[in-house]
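Reader: Please take a close look at the second largest cavity in this model. What lines it, and which elements supply the lining?

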Amino acid sequence: MFNEVLSINGQSLKNRLVMAPISLNFSKKGYLTKEEANILINRSKRCGMLILGSHALNTKVCGLEDGWILDNQNDNLGINYLIKQAHKNNVRVIIQLYDGEQQKENNDEAINRYSRETSIINHLNENKIHEKILAFIKAVALSITLGFDGVEIHGANSFLIQQFLSPYYNQRTDKWGGTQSNRELFLKKILQAIKRLKCLMNRDDFIVGLRMIPEELPGGITIEDSIHLLKNLSVNELNYVHLSLRLWKQKDKNGNLIVEKLAKSLDKDILLINSGQILNPTIANQSLEYCHLVSIGKSLLTKSFFEDLDCDIERELADFLHLQNNFKPQKIFLRNNLRIMGPLSLMSSNKEGTISAAEFSFYSERAKNIDLVIFGATAVSFSGKCIINGPDLFKNIHVSSFQKLIRKFKEKNCYSIIQLYHAGRFGKNSIYFKNNLNKLINQGEIDSNFVQELFEIYCSFGKSMQLAFSAGFKGIEINLTDPYLLGNIMKSNNYYLRILLIKSLLKIFYNIKKINDYSNFLIGIRINPENFACEMNERIFIQEFVMEIHPYIDYISFNVNDYQTINSLAMIELIKKSSQNKLFHLISGGIRNEQDKEYMKNFNLIPMQVRPFIFNNNAHEIEREEKLNILNSRIKMNELRIPISFQKSMKESREWYVE
């Protein structure tokens, strides 16, 4: 399918593959060098079109540090060379243009670039707006002169055009803001001016594309906004729309495939390019069922799309793509094709909180097909326990119980991490403590007596960490999403106290690890990034929170409802950047097959699963009907070593387990 010939604005494309715009500016000279051009030429030669990555309209509006700038004053020999060689390969060359004045990567406020306070669009007067439109036209004219086959106007990545389109950023009350049509006016003026320019320069065949983001996080651009825009675009002004998606099969809030929904809104003569994790020809053809072209980025650069590319990965490129990791030296997460079983509460422990024979059998049977088990919620004290028949880790008897299981894991080359919890309001603490915990959540206030009692609980966590090491666990994890103590703290309306209290616990863990020389012992947190997506102050909080705590932890585990949505994908990206990409990042939620795992790995996320390990000792995904057959059969459940008490829980929540 992707080898079909296609025509765009009278220009022929040899196939339906596009090399995505990648700002490959590893030379850091502010313009495309011959070395950078050679990589793009080599990787794009089997594509029909190459989009040269982001070029700022001029020095003033360059939003990328050492980014490329399209300027008559710059050395354009690299561009000339790129165009000449690409044309020899029968590849059309498009240049992507942007105005990035509203964000500077080396600006101290860059971490909060998602805040409208850092945007300039609400402060531009009429003359400045027309100057910016003119800057686009000058850059397009230069692009035509240099010999490009077309331009792509960048309306994504929080650059200027996206901010005009966004109801979150655009707070103007004049003709450039307010209604949807007014927010679209800036872009339409640019497209209309380009149309006139093409006529003046006698280049009617010059291709004009638009890079757009279909939706933002809540409060910003919606799918409905994008549909309105697409329905009002004319083929006389635009030849293609290039979707900026993190995943080609990204879904909207209602579970609909975004590319399929938007394709129905476009003029039939405007082509649609889809993007996002197009990892191989099979996925390319899957995506092409909904669009005209697909754009491919990293998998072309790393040679994984076409396995027979006759070139090595250049050292400069490997450094640029961070193919050599800078992670902390934990070996567990560096295994290839790591198989992780996520945290599960079997609620089948013995009365004294030790591992039951049923739990031992359940985990032992699965350990031969698992590299790492994250053992489910385990209480750090008697007063902090609330999970019926849940495990404990605060006495020596608990250590002995876990040691037996971990020895069995080691026989099967399987490691384990344990998740610790304190019940908080659901535990056996004093009424005073519970009332003050409620006060912390609702009013953001605490007193010294509460702090003292909290410190004692934190000491229980510290003791359980030491017992976990003695038992043979390779690490501990705290769950910041559960309804218990730490989850409650994360719900406080006092953001400062949230950071202070969680950071204090993590520093206790960190110091215990350092003092006792627990080498390669992991400290992790589990969060749901979707919880921070809906409000801007929560998005800013989670960035600052991760920046504060990342020196004290080794990994973050993401627990999402569906990884294919903007709320999951965008927030995970935000959190990873906040940790300066120095941590390992695990993810669970909607990972059902090998292709899902490949997507996660390409996001530099380590996939983990729970349900496949319950229904199948080999961790292979099975069909819904087969899961239902197992749930309805006591014999099959027993054969899978599923504890009797957990079988009842599974039947009560059968829809969660079979989906």
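Author: Sorted by class, the lining of the second largest cavity has seven nonpolar, two polar and one charged residues. The model is a predicted one. The volume of this second largest cavity is about 40 Å³.

Now the names. The lining starts with a run in sequence: Leu 344, Ser 345, Leu 346 and Met 347 are among the lining residues. Glu 359 and Tyr 363 line this cavity too. So do Phe 375, Gly 376 and Ala 377. Pro 391 is also on the list. Two elements give two or more residues each to this lining: α11 (357-367) and β12 (372-379). Of the elements, β12 gives the most, with three residues.

Set this beside the rest of the structure. There are four cavities of 30 Å³ or more. The largest has a volume of about 70 Å³. Its lining, by class, has five nonpolar, three polar and one charged residues. Leu 165, Met 212, Ile 213, Ile 221 and Leu 229 are among the residues that line the largest cavity. Gly 155, Gln 180 and Ser 226 line the largest cavity as well. Asp 225 is another of its lining residues. Here a helix supplies the largest share: α6 (residues 223-231) gives three residues to the lining of the largest cavity.

To return to your cavity: β12 leads its lining with three residues, and the class count there is seven nonpolar, two polar and one charged.

Note on methods. Residues are numbered from 1 along each chain as its sequence is written. This is a predicted model: local features need pLDDT of at least 70, side-chain atom pairs count only at pLDDT 80 or more; totals for chains, interfaces and linings use all residues. Side-chain values use heavy atoms; hydrogens and water are left out. On a 1 Å grid over the protein atoms alone, a cavity is a set of points where a 1.4 Å probe fits but cannot get out, and a pocket is an open set with protein on both sides within 12 Å along at least five of seven lines; lining residues have an atom within 4 Å of a point. Grid points are joined across faces, edges and corners, and a volume is the space filled by probe spheres set on the points. Helices (H or I, at least four residues) and strands (E, at least two) are DSSP runs, numbered from the N terminus. Ala, Val, Leu, Ile, Met, Phe, Trp, Tyr, Cys and Pro count as nonpolar, Asp, Glu, Lys and Arg as charged, and the others, Gly among them, as polar.
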